[in-house]
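Hi,

Here is the structure I promised to pass on to you. Have a look at it first, and then read on for what turned up.

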Amino acid sequence: MNPSTPSLKGRALRLLAAREHSRTELERKLRAFEETPGELVRVLDELQAKGFVDEQRVIESVVHRRAGRLGASRIRHELQAKGLDAQSVQEAVALLQGTELERARAVWRKKFHEPASDATSRAKQMRFLASRGFGAEAIRRVVTGADDDES
């Protein structure tokens, strides 16, 4: 290995310094730099044992970064793509679903400011919220203005 080329561990630490990564993400990103078979597994085992790779922190980080803009289904998809434990993902998403309506309403207000004036505008607003991963019931309630007097 060239002395100026970062080691596999150095590359992993550089990625982790930027943001939390799951073990699966690190494996995917670092596989091409593995020089000897088993080296990547040893490095990741060491980093995980030292607490540098932590699944729960990855989940908390994603939820913290994305919950203000995305619905539970988009966040679930993002967490699943990171190769995280299905049970942990489900628990995090269940907590998000409790605030789905409020978060959808906040995203809608920021984008549209006022209720739709016609069916075309209403459909556009509904598609926007759906693309952000909000549930159908939350979308319906936000766009139609149902429960507005509660907030």
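Two rings of Phe, Tyr or Trp (for Trp, the six-membered ring) are taken as a pair if their centres lie within 6.5 Å, and planes over 60 degrees apart make the pair edge-to-face. Please keep in mind that this is a predicted model.

By that rule there is 1 aromatic pair. Its partners are Phe-112 and Phe-128, which meet edge-to-face, with 5.4 Å from centre to centre and 85° between the planes. Because Phe-112 belongs to helix α7 (residues 100-112) and Phe-128 to helix α8 (residues 119-131), the pair ties together parts that are 16 residues apart in sequence. Both Phe-112 and Phe-128 are buried. Another ring has a charge for company: the charged end of Arg-11 sits over the ring of Phe-33, 3.7 Å from its centre.

Now to the helices at the start of the list. In α3 (residues 39-49), the buried residues are Leu-40, Val-43, Leu-44 and Leu-47. They cover an arc of only 95° around the axis, which puts them on the same side of α3. This fits the helix repeat: with 3.6 residues a turn, residues three or four places apart point the same way. The buried residues of α3 pack against α1 (8-18) and α2 (23-30), while the face turned away from them carries the exposed residues Arg-42 and Ala-49. After α3 comes Gly-51, with a positive phi near 85°.

And which residues of α2 are buried? They are Arg-23, Glu-25, Leu-26 and Leu-30. Seen down the axis of α2, these fall within an arc of 160°, so they line one face of the helix. Their cover includes α1 and α3.

Next, the nonpolar cores. The largest one has 13 residues, of which Ile-59, Ile-75, Leu-79, Leu-84, Val-89 and Leu-96 touch the most other members. Helices α4 (55-66), α5 (72-81) and α6 (86-97) each supply at least two residues of this core, and α6 gives the most, with 4 residues. Apart from this core lies another, of 12 residues, including Ala-104, Val-107, Phe-128 and Val-143. Phe-128 is thus a name to look for twice, as a member of this other core and as a partner in the aromatic pair.

If you want one residue to start from, try Ile-75: leaving aside residues up to four places away in sequence, Ile-75 touches Val-62, Val-63, Arg-66, Ala-67, Leu-70 and Leu-96.

Best wishes

Terms used:
Residues numbered from 1 in each chain as written. Predicted model: local features only at pLDDT ≥ 70, side-chain atom pairs only at ≥ 80, totals over all residues. Heavy atoms only, no water. Buried < 20%, exposed > 50% of the residue type's maximum accessible area, 1.4 Å probe, protein only. Arc of directions from axis to C-beta. Contact = heavy atoms within 4.5 Å. Phe/Tyr/Trp six-rings, centres within 6.5 Å; stacked < 30°, edge-to-face > 60°. Lys NZ or Arg CZ within 6 Å of the ring centre and 35° of its normal. Core = buried A, V, L, I, M, F, W, Y, C linked by side-chain atoms within 4.5 Å.
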